[in-house]
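Colleague: I should like to understand the terms used for this chain. Please set out the grounds for each one in turn.

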Amino acid sequence: MTTIRVLIADDQIMVRQGFTVLLNAEPDIEVVGQAVDGLDALAQVAELVPDVVLMDVRMPRLGGIEATRRLTEPAGATVKVLVLTTFDLDEYVYEALRAGASGFLLKDASADELAHAVRVVAAGDALLAPNLTKRLIAEFSRVTSSPRTPLKDRVGDLTERETEVLSLIAQGLTNGEIAERLVLAEQTVKSHVGRILGKLGLRDRTQAAVFAYETGLIRPTGY
């Protein structure tokens, strides 16, 4: 069994210790370190090489948004970031998703939800399915300025099928659900997703969803 190595970055000791106890109770997850702020997180990631960082967004010295950007931007970066927040419609969390986080989790999540979230992002997927994430992206992309021209131009690089798949990703559908909707093999959908991320220079499905809303490909509705 492969063990998922986790670093917890939060300035509240009770949060760090509580999550450590919950995660260490899982047979396939090990908390390898605790960081008190973003700078500490950067240093510990370099030393401990965790698979997943649970990252608070509001921390002293260096916040979670900039820390996330520094961890995920470098070419070849493999660490995944899962943002921690106390409430769902949080502009800071939206910015963290744009910066490269693979999803977010409320701090009052259950032990099962926490472990599931860690496993999802460690596997290279994005924690996008929950309605909270879709609502967050839709809300804050709705109030941002008009789509940036370079981003709109990049949509033109996609084929009609890839554009269709991207719109379904932004609606929170899994590869299996997209395959069923479009009557395609799931492996074909996976190939489309890979090409979409490559053409747009995006890290994962969460960034693809943000991109789709910000370029106007998907319009926020009904949240």
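Modeller: Helix 1 (residues 13–24) is a suitable place to begin; it lies across strand 1, strand 2, strand 3 (52–56) and strand 4 (80–85). Its direction is at about 165° to that of strand 2. Please bear in mind that this is a predicted model. The chain has 11 helices and 5 strands.

Colleague: What makes the sheet an open one with parallel pairing, and which are its edge strands?

Modeller: The 5 strands follow the order 2-1-3-4-5, and their pairing is parallel. Strand 2 (29–35) and strand 5 (103–106) each pair on one side only, and these are the edge strands. From one strand to the next the twist averages 25°.

Colleague: How do you know that strand 1 pairs with strand 2?

Modeller: Two strands count as paired if there are at least two bridges between them. Strand 1 (residues 4–9) is joined to strand 2 by 6 bridges, and the two run parallel; the criterion is therefore met. Within this pair, Ile8 stands opposite Gln34 of strand 2.

Colleague: How many bridges support the pairing of strand 3 with strand 1, and how many join strand 3 to strand 4?

Modeller: Strand 1 and strand 3 pair in the parallel sense over 4 bridges, with Met55 of strand 3 as the bridge partner of Ala9. Strand 3 and strand 4 also run parallel and are joined by 5 bridges; here Leu54 stands opposite Leu82 in strand 4. Since at least two bridges are required, both pairs qualify.

Colleague: What makes strand 3 "mostly covered"?

Modeller: In strand 3, 5 of its 5 residues are buried. In a regular strand the side chains alternate between the two faces of the sheet. On one side of strand 3 are Val52, Leu54 and Asp56, on the other Val53 and Met55, and all are buried.

Colleague: Why is Gln44 called buried?

Modeller: Gln44 has a relative accessibility of 14%. The cut-off for a buried residue is under 20%, and Gln44 therefore counts as buried. Gln44 is found in helix 2. Leaving aside neighbours within four places in sequence, Gln44 is in contact with Leu7, Gly33, Gln34, Ala35, Val49 and Pro50.

Colleague: What places the side chain of Gln44 in polar contact with Gln34?

Modeller: A polar atom of the Gln44 side chain lies 2.6 Å from the backbone oxygen of Gln34. A polar contact requires a pair of N or O atoms within 3.5 Å, and the separation of 2.6 Å satisfies that limit.

Colleague: How do you know that the length of helix 5 agrees with that of a helix?

Modeller: At 1.5 Å a residue, the 12 residues of helix 5 should span 16 Å; the end C-alpha atoms are 17 Å apart, which agrees. Helix 5 (residues 111–122) packs on the sheet and touches strand 1, strand 2, strand 3, strand 4 and strand 5. The direction of helix 5 makes about 125° with that of strand 3.

Colleague: Which residues of helix 5 are buried, and what do they pack against?

Modeller: Leu114, Ala115, Ala117, Val118, Val120 and Val121 are buried in helix 5. The buried residues of this helix pack against helix 1 as well as strand 1, strand 2, strand 3, strand 4 and strand 5. Just after helix 5, Gly124 takes a positive phi of about 95°.

Colleague: What makes a group of residues a nonpolar core?

Modeller: The members must be buried nonpolar residues joined through side-chain atoms within 4.5 Å. The largest such core has 25 residues, and those with the most contacts inside it are Ala9, Val53, Met55, Leu71 and Val83. Helix 4 gives the largest share, 5 residues. A second, separate core of 23 residues includes Leu168, Val189, Leu200 and Ala212.

Colleague: Why is helix 11 described as mostly covered?

Modeller: Helix 11 (residues 205–214) has 10 of its 10 residues buried, among them Arg205, Gln207 and Glu214. At the start of helix 11, a side-chain oxygen of Asp204 reaches to within 3.1 Å of the backbone nitrogen of Gln207. Helix 11 is followed by Gly216, whose phi is positive, near 85°.

Notes: Residues are numbered from 1 along each chain as its sequence is written. This is a predicted model: local features need pLDDT of at least 70, side-chain atom pairs count only at pLDDT 80 or more; totals for chains, interfaces and linings use all residues. Side-chain values use heavy atoms; hydrogens and water are left out. Axes are lines fitted to C-alpha atoms, for helices over the stretch in contact, and angles run from 0 to 180 degrees between N-to-C directions. Contact means heavy atoms within 4.5 Å. The expected span of a helix is 1.5 Å times one less than its number of residues. Buried means under 20% relative accessible area, exposed over 50%, partly exposed in between (1.4 Å probe, protein chains only). A polar contact is a pair of N or O atoms within 3.5 Å; within protein, one must be able to donate a hydrogen and the other to accept it, and residues adjacent in sequence count only if both atoms are side-chain atoms.
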